[in-house]
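User: I'm just getting started with protein models, and I'd love a close look at the aromatic rings in this one. Could you walk me through them and then show me what surrounds them?

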Amino acid sequence: MKRIYILLFVFNFFSVIAQEREVNLHFDTTIENTSLRLNKSYYLPSLQDSIQIETFKFYISEVQLLLDETIVESLKKKHFLIDLEKKNSNRIKTDIISNKDFNKIKFHIGIDSLTNVSGAFGEDLDPTNGMYWTWQSGYINLKIEGKSDVFQTRKNQFQFHIGGYQEPANTLQTVILDIVNEENITINVTLDEFFSELNPKVNHTVMSPNNEAVELSTLFSSVFSIIK
């Protein structure tokens with residue numbers, strides 16, 4: 001009988017190990033159904049003109065896996081800078097090795113107020129990444145820069161530096177997406193949808209926390225979806 005219990009324990013142990021998987025994330029930024037390449041020209045029907053993205057960076061924070069409304073796993077590392085100038089920064093190898101079921105992923109776009117008021121940090125939060133204003137204004141959650149003839153600005157440039165952690169200019173956004181229970185989760189960031197909602201005559205330059213920054217942060221949070 002003792003031998004049977006031992007065999008059952010060994011069987012159950014290896015069954016759990018076999019079901020465990022390492023969860024990894026991939027943020028695929030696309031424009032016109034292709035992965036975005038910086039400094040390349042793309043024609044956008046919504047603008048009826050070409051556009052060129054020169055800088056694209058944003059923060060992801062507080063990543064959690066959920067089963068319906070219940071949190072089943074959370075990443076230990078809190079903040080990730082997605083920067084298209086840095087190879088593989090859009091791929092996050094998580095510290096989650098789990099055999100638990102989950103069907104949603106939840107994360108913030110941007111940096112929370114507590115981190116902002118705590119001053120500048122290192123690594124992804126290092127000010128040398130170009131995503132920090134000052135101790136008073138805090139971190140830039142999203143930075144998009146580029147040019148297009150539809151923007152009637154100097155050299156036809158647009159600059160969206162979206163940040164702010166204090167009301168009424170709090171630009172931190174939360175995204176919750178339904179996912180398949182799998183190891184590699186690919187999240188699409190569709191920039192076409194972002195630019196299709198802009199009015200180039202009005203929306204072309206944001207360099208500080210304000211109402212327009214809040215509106216654009218909300219718009220940006222809507223362009224995330226799961227690639228199945």
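**A close look at the aromatic rings**

Analyst: Let's start from the outside: the protein chain has an accessible surface of about 12300 Å², and 50% of that belongs to carbon and sulfur atoms. Keep in mind that this is a predicted model. The chain has 228 residues, and 47% of them count as buried. Its secondary structure adds up to 4 helices and 14 strands, and the C-alpha trace spans about 85 × 40 × 30 Å along its principal axes.

Now for the rings. To describe a pair of aromatic rings, you give the distance of the centres and the angle of the planes. This structure holds 17 aromatic pairs. One of them joins F27 and F224, with 6.5 Å from centre to centre and 80 degrees between the planes, an edge-to-face arrangement. F27 sits in strand β1 (residues 21-31) and F224 in strand β14 (residues 224-227), so this pair ties together parts that are 197 residues apart in sequence. Both F27 and F224 are buried.

Y132 and Y139 make another pair: their ring centres are 4.7 Å apart and their planes meet at 65 degrees, so this one is edge-to-face too. Why does Y132 count as buried? Its relative accessibility is 18%, and the cut-off for buried is under 20%. Y139 is buried as well, with a relative accessible area of 1%.

Back to F27 and F224, because they belong to a bigger picture: ring pairs link F27, F56, F58, F107, F151, F158, F160, F194, F195, F220 and F224 into a cluster. Two members of that cluster lead us to other parts of the fold.

Take F56 first. D83 touches F56, along with K57 and S89, leaving aside residues up to four places away in sequence. D83 lies in strand β6 (residues 79-83) and is buried, with a relative accessible area of 3%. The side chain of D83 also reaches the backbone nitrogen of E85, at 2.9 Å.

Next comes F220, which is one of the buried residues of helix α4. Of the 11 residues in α4 (residues 211-221), 8 are buried, so the helix is largely enclosed by the rest of the structure. Besides F220, the buried ones include A213, V214, L216 and L219, and also E212 and S217. Look at the start of α4 too: a side-chain oxygen of N210 comes to within 3.1 Å of the backbone nitrogen of E212.

While you're looking around, some backbone spots deserve a glance. Most residues other than glycine have a negative phi, and most peptide bonds are trans. E32 has a positive phi of about 55 degrees although it isn't a glycine; you'll find E32 in the loop between β1 and β2 (34-35), partly exposed at 34% relative accessible area. N39 also has a positive phi, about 70 degrees, and isn't a glycine either. N39 is in the loop between β2 and β3 (41-44) and, at 49% relative accessibility, counts as partly exposed. The peptide bond from E167 to P168 is cis, with omega near 5 degrees, and P168 is in the loop between β10 (157-163) and β11 (173-178).

One last thing, for the chain as a whole: among contacts between residues at least 6 apart in sequence, 69% join residues at least 24 apart. The F27 and F224 pair, with its parts 197 residues apart, is one place where you can see such a long reach for yourself.

Technical notes: Residues numbered from 1 in each chain as written. Heavy atoms only, no water. Phe/Tyr/Trp six-rings, centres within 6.5 Å; stacked < 30°, edge-to-face > 60°. Helix = DSSP H or I, 4+ residues; strand = E, 2+ residues; numbered from the N terminus. Buried < 20%, exposed > 50% of the residue type's maximum accessible area, 1.4 Å probe, protein only. Polar contact = N/O pair within 3.5 Å; in protein donor to acceptor, adjacent residues only side chain to side chain. Contact = heavy atoms within 4.5 Å. Areas by Shrake-Rupley, 256 points an atom, 1.4 Å probe, with all protein chains shown as cover.
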